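Me: I am new to this structure and would like to understand the terms used to describe it. Please show it to me before we begin.

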Amino acid sequence: MRRLFCTLLCLAAATSPAVVHAESDAATLNELKREMDQLQQQMQRLQEKIEAIEQKPAVTPPQAAPAAAPVASSWSPSQPITLMSSGASYLNLSFDLITDVGTSTEKDVSKLELGDHDPDQRGFSLRNAEISLDGAVDPYFKAFANLVFKLDENNETDVELEEAYGLTTSLPWNLQVKAGQFFAEFGRHNPMHPHAWAFVDQPLVLARLLGGEGLRNVGARVSWLAPTPFYTELLLGVLNGEGETAYSFRNSDNTYGRTPVDRGVSALDDLLYVPRVTSSFDLTDTQTLVVGASGAFGANDSGSDTSTQIYGADVYWKWRPERAQRGFPFVSWQTEGMYRRYEAGADPAAGLSSENLDDGGLYSQVLWGFHLNWVAGLRGEYVTANDSAYDNLDPEERGDRTRVSPNLTWYPTEFSKLRFQYNYDHGEEFGDEHSVWLQLELLLGAHAAHKF
Amino acid sequence: MPERMLTTMRPHASKRFISPKRWATFLLGTCALLAAPSVARATLEVVATLPDLAALARAVGGDRVNVTCIGRPNEDPHYVQAKPSFIVTLNKADLLIENGLDLEIGWLPALVDQTRNAKIRPGAPGLVVAADGVPLLDVPSQPVTRAMGDVHPGGNPHFMLDPDRGRLVAQNIYNALVRVDPSGTEVFRANLERLLRQIEESAAQCDSMMAPYRGTKVVTYHRSLAYFCRRFGLEEVDTVEPKPGIPPSPSHITDLIAGMRQHGAKLILMEPWHEHRTPDLVADQTGAKVVELPVQVGSAPDASDYPSLCKAVVSRVTAALR
């Protein structure tokens, strides 16, 4: 094949003088130029062919990818610093903004909307602007951090280190360890960031049992991928279980009327344990089912030896045809039920004896991606509780509530969305309330891919 | 096998006690049979992200490999679902073959992180990036932003419909198989050579089928047929999408129709997962034909393996132009 190339070179050499001798006015020169260009292109094409053919004896090692490395040396001060490109990915950086506008028949919106990222007032609110960082630390660890900024009713900024953890990638025996501050893997909704939510607000049962900020704390979690033919994962999280983000546990701000006992960690059962098992089945090529059961067990601050147990079950089903365009159409159904027993201690000063506060509830939601980039959703919720002496102090906090929320979301691309939602609220204590919200989300940068 | 041994022994057993010698033979035989699979070489577990890569791996690996494919033939490779069952598949993989150039970025990293399989993590010998060493088109010459749509910063990743590039990918897969299973080198090499020959023959047939139609002006839905068009001499004048991954807008459709009339574009080529409404409307206005192509192995009965894939695509193009 090299011979072909040489022949061509000779041919080029032979033809060009012949043309030059013919005439030398400008027109011929131009023609000559064009011909030479053509020849050059032809040679380039042949060269490509030769290279391709030369690789035929097969055993050549793969060459270094020519386009794979936009090298660091090409950086100039006027360019933004590139942390991620197809050539280098030391750190994925993303910024996600969620802002809401709307109104409600209830003047104090935060009575209805219990979640920390939910709209909290009539008019505009901005309850989630997060900076996410993630990447591979080295061949053994990945790291992830989520810094959240929120504006409160006075337009003051709240900052929180929502998550910051490392994750192992290469442990033997199918184990994986997560360590740092993270959302406990309890159910499906709790570990999700607001931008992955299908509704404007957090489900009521999560807010009541796990807290408006979700159940997240500093600790460690080990998980094991079971050697079953279908996906089964067993997880056990051990967390400190302290503060506002461990709402039903050692949280001095939530002791149901009792004077909080600052217990600290003096024994292993003062920590919070979060076991979970989850399995998945491909029912058909287009339908997948994921089921899970979770628990959260730990001490609470309402007494010196009181504890809380939360149990949850979740199911998720999704249908999507093979020929989906950009993931549409699809239908999904997600339901979670939870039950909590909060052992409240006795506080004679407050006139409260020891009692069990039993709370439970569920939400069920259906999403229908009926058209490219359009999703219609419907969610129904119910929360209930037993009667307790505490209810005399605050009748609304544990009162029965029902909420029905239809919504419609339009995704111009995967990186932006506009969502309209109506909430019909009915409370045992407050009657009927109606709210409408419009939500805008913008996602900038390289965001880690989502789990199923 | 053990059953047959038992039946042959039964007559003796009915007469009298089986002699210790026979017992020993039987036990030894059973043990040997049970041990046999572990003595024989284990089949290599290969997982490919997409059907074309799986087809190449099957052809090169032969019966020394067991190939599982994640994406389905008529599924958009950008939007494969990261189903948990794939975590189990990937957990057992000795080799993972991915296309690369961020084609699978929306779903593969989330799966690989959950697999706990160090063999297939980035940088490990069990990870094959098909795009390695493949000459690329559409490599951006300016910094990429999302205002341009879904531009792949490393270059256009849809190179598998060019058989010449497919041959390079087959070699990448061969190299990886040799790396993880050196004892199979001879088999892999023979398989590879046969495969390369088949691809070449098929490409030559495609060339002669396309010869009368070279230079035909076409429109594609997405920039995913660029390599195919270039290889077989079709001239792409525009795309139905205004920008990669951005749904068509009315103003773009108006421009597209005007441009197609001006250029005399004859075909609108598209993949099976795109909506038909817009292309049909444009075809109606311009007299062009909409052609849905089987773009991945398995997406049509006549695209059953990689060498036949380009023939399947070409035959649909020529049928529409005839």
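Reply: The following exchange takes up salt bridges, burial and nonpolar cores in turn. This is a predicted model, in which local features need pLDDT of at least 70 and side-chain atom pairs count only at pLDDT 80 or more, while totals for chains, interfaces and linings use all residues. Residues are numbered from 1 along each chain as its sequence is written, chains are lettered from A and ligands numbered from 1 in the order in which they are written, and side-chain values use heavy atoms, with hydrogens and water left out.

Me: Why is the pair A:Arg379 and A:Glu381 called a salt bridge?

Reply: A salt bridge requires a side-chain nitrogen of Lys or Arg within 4 Å of a carboxyl oxygen of Asp or Glu. For A:Arg379 and A:Glu381 the N to O distance is 3.1 Å, so the pair meets the definition.

Me: How do you know whether A:Arg379 is buried or exposed?

Reply: The relative accessible area decides: buried means under 20%, exposed over 50%, and partly exposed in between, with a 1.4 Å probe and protein chains only. A:Arg379 has 1% relative accessibility and therefore counts as buried. Its partner A:Glu381, at 4%, is buried as well.

Me: What makes the salt bridge between B:Glu292 and A:Arg323 one that joins two chains?

Reply: B:Glu292 lies in strand β8 (residues 289–292) of chain B, whereas A:Arg323 lies in the loop between β10 (307–319) and β11 (330–344) of chain A, so the pair links two chains. Strands (E, at least two residues) and helices (H or I, at least four) are DSSP runs numbered from the N terminus. The closest N and O atoms of the pair are 3.0 Å apart. B:Glu292, with a relative accessible area of 30%, is partly exposed, and A:Arg323, at 40%, is also partly exposed.

Me: What makes a group of residues a nonpolar core?

Reply: The members must be buried Ala, Val, Leu, Ile, Met, Phe, Trp, Tyr or Cys residues, joined through side-chain atoms within 4.5 Å. The largest such core has 83 residues, and B:Leu56, B:Phe159 and B:Leu269 are among those that touch the most other members. Helix α11 (residues 306–321) of chain B supplies the largest share, nine residues. Apart from this core lies another, of 21 residues, including A:Phe144 and A:Ile310.

Me: Which residues does B:Leu269 contact, leaving aside its neighbours within four places in sequence?

Reply: Contact means heavy atoms within 4.5 Å. Among the residues in contact with B:Leu269 are B:Val218, B:Tyr221, B:Cys229 and B:Val317.
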